[in-house]
Amino acid sequence: MSQLIAAVATPPGTGGVGILRLSGPGAAETAARVFRPVGKTPLTQVPDRQMLYGTVQDREGRTIDTGLAFVSRAPHSYTGEETAEIQCHGSPMVLSLALEALFAAGARQALPGEFTKRAFLNGKLDLTQAEAVIDLIDAETPAAARQAASRLGGALSRTIGRVYHGLVDVTAHFHAVLDYPDEDIDPFRAETIAAALETGLEETSRLLATYDRGRQLTFGVPCAILGRPNVGKSSLLNALVGYDRAIVTQIPGTTRDTIEARASVGGVLLNLTDTAGLRETGDEAERLGVARSRAAAAEARLVLLVLDGGAALTQEDREAIALAQEAPACICLVNKSDLPPVLDVEALRGQFPHLCTVSAQNGEGLEQLGPMVAALFPPGTGSEGETLLTNARQVEAVSRARESLERAGEGLRQGMPPDLLLSDVEEALEALGELTGRAVREDITSRIFERFCVGK
Ligand code: GDP
């Protein structure tokens with residue numbers, strides 16, 4: 001398989017600009033077969049990242065567009081390899097013909113994520129940074145984007161690095177004393193290992209406690225819209241999402257199944273589920289919908305309870321109220337504020353500290369929702385100071401590291417010999433190494449040589 005990969009880097013569809021990327025040996029030369037500069041300097045001889053203006057050719061050498069191109073030579077590129085980029089117009093046809101021409105010139109289609117994988121393999125990014133690239137691309141709120149950007153800049157790697165390097169130091173010191181008895185190395189002490197273990201436990205526990213917020217930032221807050229049929233749940237979902245995701249009709253029970261959509265409200269990503277209402281009915285499909293509604297309400301971290309402000313409370317409303325009150329957080333929306341008020345809103349305020357009157361139909365009052373959601377689920381600033389764990393892989397590795405550190409701490413208290421404790425410390429190192437993709441053995445060995453000047 002060719003080592004030279006190429007892909008269209010811009011999204012499918014038409015746009016102002018379309019970008020083709022190449023990475024691997026011969027990237028500049030292959031790009032030069034498809035891109036002809038107007039000036040005299042060929043793409044293969046231009047300095048790094050200097051743009052050239054020229055024409056883009058198809059595989060038969062016919063001009064199909066004009067555009068810009070540049071090259072970045074190894075190791076000063078995103079992937080760490082020689083790379084080239086051609087920017088042309090965002091025409092799917094031009095991009096497809098140009099890509100075909102690059103394939104004819106020896107490149108092959110890049111696999112999904114292959115540019116970033118190469119960046120990792122070439123030491124340009126560690127694994128937490130590679131994951132941050134995906135999170136940044138997928139970010140749906142400003143806080144999620146800032147958090148991903150901070151991890152891409154190495155914030156999580158640095159936090160993990162502090163624990164990791166402390167433990168590598170301890171391990172290297174122990175091995176140096178043991179393996180090089182003739183060298184003049186300070187003796188290994190239990191206090192040194194105790195201090196490193198304590199720091200490690202503190203940092204890993206602190207990191208694990210951030211996952212709740214990290215998950216909220218990446219995957220959204222599970223949020224159920226509850227209320228009896230016809231109060232305006234689907235209208236609310238549509239208003240929050242900003243397009244007609246759910247069908248709105250006057251016939252109660254239109255939303256037979258649950259409908260899911262994501263919306264950013266007050267800078268918080270909500271995973272909205274529009275439930276089918278809670279009406280017990282003979283209709284099989286509707287009955288299943290009701291069961292799903294109850295399940296969605298039970299899993300929700302936030303319930304948006306919708307009541308019809310233009311009508312008196314019914315038994316079904318009371319059931320919805322009871323269910324909503326069981327949720328960890330609830331906002332009561334008294335809907336249809338455009339109709340003459342019937343419902344006693346003041347009486348409801350006692351039950352629901354977070355309450356607002358709105359009209360899902362014309363959008364009136366919906367602006368109150370953002371600050372309420374943000375107060376209940378602070379999106380945070382996503383700044384460097386608050387590095388969060390954002391996926392299960394990271395949590396699994398940090399938990400494993402913490403368990404190993406706890407075992408080592410317990411062993412220390414029971415007076416176990418250092419070599420037994422250090423096997424737990426090394427397990428913690430392995431787990432942290434997996435998190436960032438480091439080769440632990442090599443790190444310990446090189447630390448012995450740099451720090452203790454062994455074998456000079
Ligand atoms: P759901 O069954 O709770 O999902 O309710 P829908 O969103 O389908 O709405 C039921 C009916 O109430 C529809 O005819 C909507 O147009 C109407 N409706 C929804 N919100 C409002 C509102 O704010 N004001 C008024 N006047 N009607 C509304």
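This is a guided tour of one pocket and of the strands and helices to select around it and elsewhere in a predicted model.

Begin with the second largest pocket, which has a volume of about 440 Å³. To centre the view, select G113, E114, F115, T116 and I137, which are the closest to the pocket's centre among the 18 residues that line it. Then colour β1 (5-8), α3 (114-121) and α4 (127-138), since these are the elements that give two or more residues to the lining. Among them, α4 provides the largest share, with 5 residues. If you now colour the lining by residue class, you should find 12 nonpolar, 3 polar and 3 charged residues. Colouring by domain is also worthwhile here, as the lining of this pocket draws at least three residues from domain 1 (5-110) and at least three from domain 2 (130-210 + 387-449).

Stay with β1 and follow its strand partners. Select β2 (residues 15-23), which runs antiparallel to β1 and is joined to it by 4 bridges; within this pairing, I5 has S23 of β2 as its bridge partner. The two strands form a hairpin with 6 residues between them, and in the turn you can pick out G13, which has a positive phi of about 105°. Next add β7 (residues 108-109), which runs parallel to β1 and is joined to it by 2 bridges, with A6 standing opposite Q109 of β7.

Now move to another sheet, an open one whose 6 strands lie in the order β9-β10-β8-β11-β12-β13 with mixed pairing. Its edge strands, each pairing on one side only, are β9 (259-265) and β13 (355-357). Looking across the sheet, you will see neighbouring strands turned against each other by 25° on average, with direction ignored. For one pairing in detail, select β8 (residues 221-226) together with β10 (residues 268-274), which pair in the parallel sense over 5 bridges, and find V221 opposite L270 in β10.

Finally, show the helices that pack on this sheet. Helix α8 (residues 211-219) touches β8, β9 and β10, and its direction makes about 70° with that of β10. Helix α13 (residues 369-376) touches β9, β10, β11 (302-308), β12 (330-335) and β13, and its direction makes about 170° with that of β12. Which strands does α8 touch, and which does α13 touch? With both helices displayed, β9 and β10 can be selected as strands touched by α8 and also by α13, whereas β8 is listed for α8 and β11, β12 and β13 for α13.

Note on methods. Residues numbered from 1 in each chain as written. Predicted model: local features only at pLDDT ≥ 70, side-chain atom pairs only at ≥ 80, totals over all residues. Heavy atoms only, no water. 1 Å grid on protein atoms, 1.4 Å probe; cavity = no way out; pocket = protein on both sides within 12 Å on 5 of 7 lines; lining within 4 Å. Points joined across faces, edges and corners; volume = space filled by probe spheres on them. Nonpolar A, V, L, I, M, F, W, Y, C, P; charged D, E, K, R; others polar. Domains from an automatic or database assignment. Pairing = 2+ DSSP bridges. Axes fitted to C-alpha atoms, helices over the stretch in contact; angles between N-to-C directions. Contact = heavy atoms within 4.5 Å.
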